[in-house]
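Hi everyone, thanks for making time this morning. I'd like to walk you through a structure that may be new to you, so please have a look at it on the screen.

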Amino acid sequence: MMMIRSAIARRLSSSSSFSYAWLTTTTKSSSSSLDLVDQTLHGFQKRSTCSSPTPPVGLPSYMTAAVFWEPNKPLSFEEFHIPRPKSGELLIKTKACGVCHSDLHVFKGELPFASPCVAGHEITGEVVEHGPDTDNKVTQRLPIGSRVVGAFIMPCGSCSYCSKGHDDLCEDFFAYNRAKGTLYDGETRLFLRSSGKPVYMYSMGGLAEYCVVPANALTILPKSLPYTESAILGCAVFTAYGAMAHAAEVRPGDSVAIIGTGGVGSSCLQIARAFGASDIIAVDIQDDKLQKAKIFGATHVINAAKENAVDKILEITGGKGVDVAVEALGKPQTFLQCTQSVRDGGKAVFIGLTAAGVIGEVDINRLVRRKIQIIGSYGGRARQDLPKIVRLAERGIFDLSSAVSRRYKFEESASAYQDLNQGSIVGRAVVEIM
C-alpha cells in the first residue's frame, strides 16, 4: 500500500503545475539537494547510512513523507526508513495533519529553519511503538493501539520551565527542535531510504505516514472524536487556548476582539465563547470569513477593508475599547490596531507569526500612561491543556466539524499549502494520511 501511494504521488506531481515553485510536488531529489544535508548538519554527526535498528514485527521498513528542501524549490515525496523512537518517545501511525501558516512561513523562507525538513505539526494518529526504556506510566497512559492527538509544542518535562508547569516555554523544544530541527538528544529521527542521510523535523514532522513524538506532547483521543477534524486540536485550538487561558486570562463578561479569523483566530472565537466572554468582535477583510465567524461565536463583525476597525471597536464598546484584543495575523498594521483597540489597563495579545525581522509599532505614551499590557503567546501547555481541549471538543463546546472546512489527500499536500497561500481556505484545512 505504501509503494502504491508513493507511485500515485509521483503521477500526481508530474501532472500538476503550480505558480509557486515551492508548492509543486515532485519525487526527484537532485544530488545537490542531498549535498545540502551535509552542509547544514546543525548538531548532527555526518552519517552516510542510517544506523536505526530493524522495526518491530508488523511494521513496514519504509514510509513516505513530504520533504521541504529549500525556499522556492518543490516539495517532494521521499521514502524514509521507519523512524525509531527513543526513551520517552512514541512512534505514531499518522492519520491526519493540519495545514498551518507556520509551515507556510517555513516553505516561503520567511521563518528560518533547518532544511531539508519534514513539516506538519498538528497530528492525530495511532500509537504503534514505545521507545526503549520508556517509563511504565507512559506505556500505561498511552498503550499500543491508542488513538492520540499531538501538540506542536512538545515539552521535555524536565527543564526549568517545564518543572514549573510552563510547557509553552520548554527550553529543549526551542533549543533543539525550533533551533536545530531535532529532538532533544540533538538528533533527528528521519533518514532517507536512498542514502541514509538525515532530514530535520519541524515539531514531529507530521506530513509523513509515521512520526516520532515525545510522550509529553500526546494525549488520548476518544473514539467519539474523528481523526481528521481532531488534528487541529494540536495547534489551531491549542494556540487559541493558550492565548485565551494563560495570556489573556479571559473571564466571564469580558469583551474580546479577534483580529484575523483564519484557523487560529476562529478557534479564539470559540474559546472566548466557551469562557463566557460577552462582546466577541471578529475583525477580518474577507466577508466569507466574517460570516463564518458568527457561527463560531462572534457577536459583532468588522470588515477592516471597508471601515476603520479601531473606531468601530470603540463604537461597539461605548468608547472604552475591549478588555482583550488578540492579533492572529502577524502584520505590523494589525499589531498597531490590536494595541489601539484595548481599554485602559487592557491586554493586547499577539499570536500571529510573521517573516523574521518584521517590527511592530506601538504608541509609547498610551502604553505607559494607560497601563496597556502587551503579551506574546506561542501556544498552550501540552500536559495540562491538551486533555482539557479534547474534553471541550468531546462535549461539543468546541465545534470541530465547523472549524475544518477543507480536506486533502496526502498526495495533495502541496495543493493545500497553495490554497492557504492564496487565502482561499476559510477556517482550517487538514491533510488525511490514513
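Let me start with a question: does Glu79 count as buried or exposed? With a relative accessibility of 15%, Glu79 counts as buried. Before I go on, please keep in mind that this is a predicted model.

So what does Glu79 do with its side chain? The side chain of Glu79 meets that of Arg193 in a salt bridge, at 2.9 Å from N to O. Glu79 sits in strand β2, residues 76–81, while Arg193 is in the loop between β7 (190–191) and β8 (198–201), so this pair ties together parts that are 114 residues apart in sequence. Arg193, for its part, is partly exposed, at a relative accessible area of 33%. In this pair, then, a buried Glu79 meets a partly exposed Arg193.

How many salt bridges does the count come to? The count comes to 17 salt bridges. I'll show you two further pairs and then a network.

Next, please find Glu229. Glu229 forms a salt bridge with Arg407, and their closest N and O atoms are 2.6 Å apart. Glu229 belongs to helix α6, residues 227–230, and Arg407 to strand β17, residues 404–409, so here the parts tied together are 178 residues apart in sequence. Glu229 counts as buried, because its relative accessibility is 13% and the cut-off for buried is under 20%. Arg407 is partly exposed, with a relative accessible area of 40%.

The other pair is Asp344 and Arg370, which form a salt bridge with the closest N and O atoms 2.7 Å apart. Asp344 is in strand β15, residues 342–350, and Arg370 is in the loop between α12 and β16 (373–376); the pair links distant parts of the chain, 26 residues apart. Here Asp344 counts as partly exposed, at 37% relative accessibility. Arg370 is partly exposed too, with a relative accessible area of 40%.

And the network? Lys86, Glu89, Asp185, Glu187 and Arg189 are joined into one network by salt bridges that share partners.

Let's turn to the spaces in the model. How much space lies in the largest pocket? The largest pocket holds about 1,000 Å³. Its lining has 42 residues, and those nearest the centre are His101, Ala328, Leu329, Gly330 and Lys331. Two or more lining residues come from each of these elements: α3 (101–107), α8, β12 (280–284), α11 and α15 (413–421). Of these, α3 gives the largest share, four residues. By class, the lining of the largest pocket has 17 nonpolar, 19 polar and six charged residues.

There are closed spaces as well: the count comes to two cavities of 30 Å³ or more. The largest cavity has about 50 Å³ of space. Around that cavity you'll find Thr339, Gln340, Val362, Asp363, Arg366, Leu367 and Ile372. The elements that give two or more residues to this lining are α11 (332–341) and α12. The lining of the largest cavity is made up of three nonpolar, two polar and two charged residues.

The second largest cavity has about 30 Å³ of space. Its lining residues are Thr261, Ser266, Leu269, Lys289, Lys292, Ala293, Phe296, Val426 and Gly427. At least two of them come from each of α8 (263–274) and α9 (287–295), with α9 supplying the largest share, three residues. By class, that lining has four nonpolar, three polar and two charged residues.

To finish, let's go to the surface. Which residues make the nonpolar surface patch of about 340 Å²? The answer is Val362, Ile364, Val368 and Ile374. Val362 is a name you've heard already, as one of the residues lining the largest cavity. Val368 is found in helix α12, residues 364–369. Why does Val368 count as exposed? Its relative accessible area is 61%, and exposed means over 50%.

One last look at α12, then: this helix holds Val368 of the patch, and α12 is also among the elements giving two or more residues to the lining of the largest cavity. Thanks for listening, and I'm happy to go back to any part of the picture.

Key: Residues are numbered from 1 along each chain as its sequence is written. This is a predicted model: local features need pLDDT of at least 70, side-chain atom pairs count only at pLDDT 80 or more; totals for chains, interfaces and linings use all residues. Side-chain values use heavy atoms; hydrogens and water are left out. Patches are made of residues with over 30% relative accessible area and no salt bridge: like charges are joined within 9 Å, nonpolar side chains (Val, Leu, Ile, Met, Phe, Trp, Tyr) within 5 Å. Accessible areas come from the Shrake-Rupley method with a 1.4 Å probe; for residues, only the protein chains shown count as cover. A salt bridge is a side-chain nitrogen of Lys or Arg within 4 Å of a carboxyl oxygen of Asp or Glu. Buried means under 20% relative accessible area, exposed over 50%, partly exposed in between (1.4 Å probe, protein chains only). On a 1 Å grid over the protein atoms alone, a cavity is a set of points where a 1.4 Å probe fits but cannot get out, and a pocket is an open set with protein on both sides within 12 Å along at least five of seven lines; lining residues have an atom within 4 Å of a point. Grid points are joined across faces, edges and corners, and a volume is the space filled by probe spheres set on the points. Ala, Val, Leu, Ile, Met, Phe, Trp, Tyr, Cys and Pro count as nonpolar, Asp, Glu, Lys and Arg as charged, and the others, Gly among them, as polar.
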